[in-house]
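Here is a walk through the fold, from the strands up to the domains and the ligand sites. Have the structure open while you read.

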Amino acid sequence: MAEKTQAIVEAGQIERLIEVLHSRGYEVVGPTVRDKAIVYDRLERLADLPVGWTDEQEAGSYRLKRREDGALFCYVVGPQSWKKYLHPADVRLFSAQRQGETFRILSNPDPPPPGRHAFLGVRACELAAIAVQDRVLLHDRYRDPIYQGRREGIFIVAVNCTQSAATCFCTSMGTGPQAHAGFDLALTELLGPDHHRILIEVGSEVGAEVLAELEHFQASDDVEREAETAVGRARSQIQRRMDTTGIRDLLYSNVDHPRWDDVAQRCLTCANCTMVCPTCFCTTVEDVSDVTGDHAERWRRWDSCFTQSFSYIHGGSVRSSAKSRYRQWMTHKLASWIDQFGSSGCVGCGRCITWCPVGIDITAEVGAIRGATASAGENDHGNT
Ligand code: SF4
Ligand code: SF4
């Protein structure tokens with residue numbers, strides 16, 4: 001689509017948007033409040049969104065808070081990401097039944113759920129994360145048919161962030177807070193003293209067809225400026241930074257840095273950071289059978305480089321210490337990922353910081369290694 005098409009709708013039209021997506025055969029999933037967190041689940045109507053809620057996030061801390069207004073999207077990312085749908089935590093690869101001396105395969109991998117998904121409320125950093133998983137699971141030498149089956153035909157409604165959390169650092173990773181590509185429609189919520197409207201940008205032909213079914217008006221220059229200001233507010237709120245200059249070589253040249261011992265003192269190797277990360281993709285395979293031994297199943301489940309069993313090869317684990325596991329995770333995410341897939345494995349969503357029970361912050365860990373390395377360099381320089 002060459003020209004940027006934008007329209008303005010009243011906020012109530014989000015109800016109509018959900019109806020239109022349903023009428024086109026999509027199961028609409030998006031943010032909703034459950035168990036004191038904003039998670040992704042089925043949306044039947046506008047009221048299923050976290051209307052009038054916001055979140056407060058810090059390292060190791062997440063709280064929902066009521067707002068005074070009826071804002072629909074004034075929060076950022078929660079503990080779940082869209083990989084819940086595209087690269088699910090548990091997939092049955094096959095089931096088998098004993099038949100005499102052998103087994104008969106009863107089923108192949110669980111097919112994607114019937115009906116296509118429409119994702120409503122995808123943030124810019126999450127679009128970047130989906131692109132990272134596309135690169136790994138669709139566009140590499142091996143194509144994952146399970147991911148491919150779930151990814152095809154997805155309708156994406158992005159939401160530009162108009163506020164950020166203290167854990168966000170998308171601006172450092174070049175992924176947000178504004179969505180630029182990879183969506184069918186992108187929404188910017190505009191809340192004023194006397195209006196509550198949504199600016200909608202069209203990103204695809206099918207997006208244009210859906211917009212045509214909403215009661216919409218041409219966006220004026222004033223409205224477009226208001227949207228730029230709203231997204232600019234989120235951008236200026238972001239305080240966390242990660243300096244990515246030469247990060248690959250920085251980490252490769254610091255495998256013996258004392259900071260890895262420091263972080264290992266704090267890390268519980270609980271794997272939370274990898275479970276919440278929207279780009280982590282590692283899995284393991286488990287075989288199970290019923291008590292009779294006649295029925296067996298093979299499951300693919302999310303795994304994590306933080307478990308000792310993850311690097312088990314004959315006779316023991318390659319990474320038996322917390323130090324080696326944290327170093328593996330961070331060095332893969334920020335350095336060897338670039339060699340493997342041509343980009344960083346981190347999109348700056350901040351989930352690993354919020355959901356780490358001891359508040360370990362990947363930006364601080366990089367900063368500590370960079371800072372100590374720089375001061376060592378200065379000292380070296382001073383000594384020569
Ligand atoms: S490493 Fe952390 S900040 Fe980066 S994408 Fe994963 S969860 Fe988000
Ligand atoms: S860094 Fe935090 S979330 Fe990740 S394994 Fe260690 S303690 Fe758990």
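Two strands pair if DSSP finds at least two bridges between them. Strands (E, at least two residues) and helices (H or I, at least four) are DSSP runs, numbered from the N terminus. With that in hand, look at P31, which stands opposite Y40 in β3.

A word on the ground rules: this is a predicted model, in which local features need pLDDT of at least 70 and side-chain atom pairs count only at pLDDT 80 or more, while totals for chains, interfaces and linings use all residues. Residues are numbered from 1 along each chain as its sequence is written, and chains are lettered from A and ligands numbered from 1 in the order in which they are written.

**The eight-stranded sheet**

P31 and Y40 face each other across the β2–β3 pair, whose strands run antiparallel and are joined by 6 bridges. The hairpin of β2 and β3 leaves 2 residues between the strands, and D35 takes a positive phi near 50° there. Beyond the hairpin, an open sheet of 8 strands follows the order β3-β2-β8-β9-β10-β11-β1-β12, with mixed pairing. Its edge strands are β3 (37-42) and β12 (217-218), each of which pairs on one side only. Helix α7 (residues 221-237) packs on this sheet and touches β1 (5-10), β10 (185-192) and β11 (195-202). Contact here means that the C-beta atoms of two residues, placed from the backbone, lie within 7 Å. The direction of α7 makes about 90° with that of β10; axes are lines fitted to C-alpha atoms, for helices over the stretch in contact, and angles run from 0 to 180 degrees between N-to-C directions.

What does β2 do on the β8 side? Strand β2 (residues 26-34) pairs with β8 (residues 116-122) in the parallel sense, over 4 bridges. The table lists some facing residues, including one pair from another sheet.

| Residue | Opposite residue | Partner strand |
|---|---|---|
| E27 | H117 | β8 |
| V29 | F119 | β8 |
| P31 | Y40 | β3 |
| T284 | R301 | β14 |

**The four-stranded sheet**

The T284 row takes us to an open sheet of 4 strands, in the order β7-β6-β14-β13 and with antiparallel pairing. At its edges stand β7 (102-107) and β13 (283-289); each has a single partner strand, so one side of each is left without a neighbour in the sheet. Neighbouring strands here are turned by 25° against each other on average, direction ignored. Between β13 and β14 (residues 295-302), which run antiparallel, there are 7 bridges.

**Two loop residues**

Is S220 buried or exposed? S220 sits in the loop between β12 and α7, and it is exposed because it has 11 other C-beta atoms within 10 Å. The scale goes like this: 20 or more other C-beta atoms within 10 Å of a residue's own make it buried, 12 or fewer make it exposed, and anything in between is partly exposed, with C-beta atoms placed from the backbone. The C-alpha atoms of S220 and I8 are separated by 8.5 Å, though the two are 212 residues apart along the chain.

A166 belongs to the loop between β9 (155-159) and α5 (170-173). A166 counts as partly exposed, with 18 C-beta neighbours inside 10 Å. Leaving out residues up to four places away in sequence, A166 touches Q57, E58, Q239 and R240.

**Domains**

The protein is divided into domain 1 (5-87 + 113-237) and domain 2 (247-280 + 304-383), with bounds from an automatic or database domain assignment. Their centres, taken over C-alpha atoms, are separated by 29 Å. The contact takes 26 residues from domain 1 and 22 residues from domain 2. On the domain 1 side, β5 (61-66), α3 (124-137) and α5 each supply at least two residues, and α3 gives the most, with 8 residues. That side divides into 15 nonpolar, 8 polar and 3 charged residues. Here Ala, Val, Leu, Ile, Met, Phe, Trp, Tyr, Cys and Pro count as nonpolar, Asp, Glu, Lys and Arg as charged, and the others, Gly among them, as polar.

**Ligand sites**

A residue is near a ligand if its C-beta atom, placed from the backbone, lies within 6 Å of it. Of the 13 residues around ligand 1, C277, C346, C349, R351 and C352 come nearest. That shell divides into 8 nonpolar, 3 polar and 2 charged residues. Around ligand 2 you'll find residues including C267, C270, C273 and C356, in a shell of 10 nonpolar, 2 polar and no charged residues.
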